[in-house]
Protein chains: 2
Amino acid sequence: MCEAIVFVVKDGEKEVIMENVVTLHPEGEKILLTDLFGEQRLITAKIERVDLVGHEIFLRKQD
Amino acid sequence: MCEAIVFVVKDGEKEVIMENVVTLHPEGEKILLTDLFGEQRLITAKIERVDLVGHEIFLRKQD
């Protein structure tokens with residue numbers, strides 16, 4: 001499967017905020033994440049990098 | 001594998017702009033796409049939706 005781990009990067013530190021993520025949907029200043037189980041999180045951040053083969057997505061918090 | 005097809009949506013029409021995409025990297029108003037073969041395209045657009053399981057990424061052109 002192709003789910004990804006989503007990290008938030010802030011002040012040079014990366015933190016896992018959601019695993020098994022299947023969709024990302026930017027909405028203005030926020031990003032709606034949905035995982036394999038239908039759980040959702042709405043995060044105030046921007047997309048920094050999406051690595052589909054590495055299964056990693058990096059978001060950047062606004063300071 | 002988890003590569004995706006990237007579409008650009010403009011005026012309600014969707015157009016394939018790159019296949020076998022492995023990374024997306026937003027850079028200001030642009031997005032750098034890289035495919036499995038190392039080919040790159042720099043597109044002026046915003047990310048509309050990333051569907052990791054459906055292997056589809058939708059970008060939106062600025063009007």
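This passage describes the interface between chain A and chain B in a predicted model.

The size of an interface is often given as the accessible area lost when the parts come together. Between chain B and chain A, this buried area is about 1,600 Å², and carbon and sulfur atoms account for 71% of it. In terms of contacts, 19 residues of chain B meet 19 residues of chain A. Of the area that chain B buries against chain A, 38% comes from B:Cys2, B:Val50 and B:Leu52; no other three residues supply more.

The side of chain B that touches chain A comprises twelve nonpolar, three polar and four charged residues. Two strands of chain B, β2 (13–27) and β4 (40–51), each supply at least two residues of this side. The most is given by β2(B), with six residues.

Polar interactions across the interface were also examined. Four residue pairs, with both residues at pLDDT 80 or more, are found in polar contact between chain B and chain A. The count of salt bridges between the two chains is zero, although four charged residues belong to the side of chain B that touches chain A.

Strand pairing also links the two chains. Strand β2 of chain A, spanning residues 13–27, pairs with β4(B) in the antiparallel sense over two bridges. Within β4(B), B:Asp51 stands opposite A:Thr23. The strand β4(B) thus appears in two descriptions of the interface: it supplies at least two residues of the side of chain B that touches chain A, and it pairs with strand β2 of chain A.

Definitions and conventions: Residues numbered from 1 in each chain as written. Chains lettered and ligands numbered in written order. Predicted model: local features only at pLDDT ≥ 70, side-chain atom pairs only at ≥ 80, totals over all residues. Heavy atoms only, no water. Contact = heavy atoms within 4.5 Å. Buried area = accessible area lost by both parts, 1.4 Å probe. Salt bridge = Lys/Arg side-chain N within 4 Å of Asp/Glu carboxyl O. Polar contact = N/O pair within 3.5 Å; in protein donor to acceptor, adjacent residues only side chain to side chain. Helix = DSSP H or I, 4+ residues; strand = E, 2+ residues; numbered from the N terminus. Nonpolar A, V, L, I, M, F, W, Y, C, P; charged D, E, K, R; others polar. Pairing = 2+ DSSP bridges.
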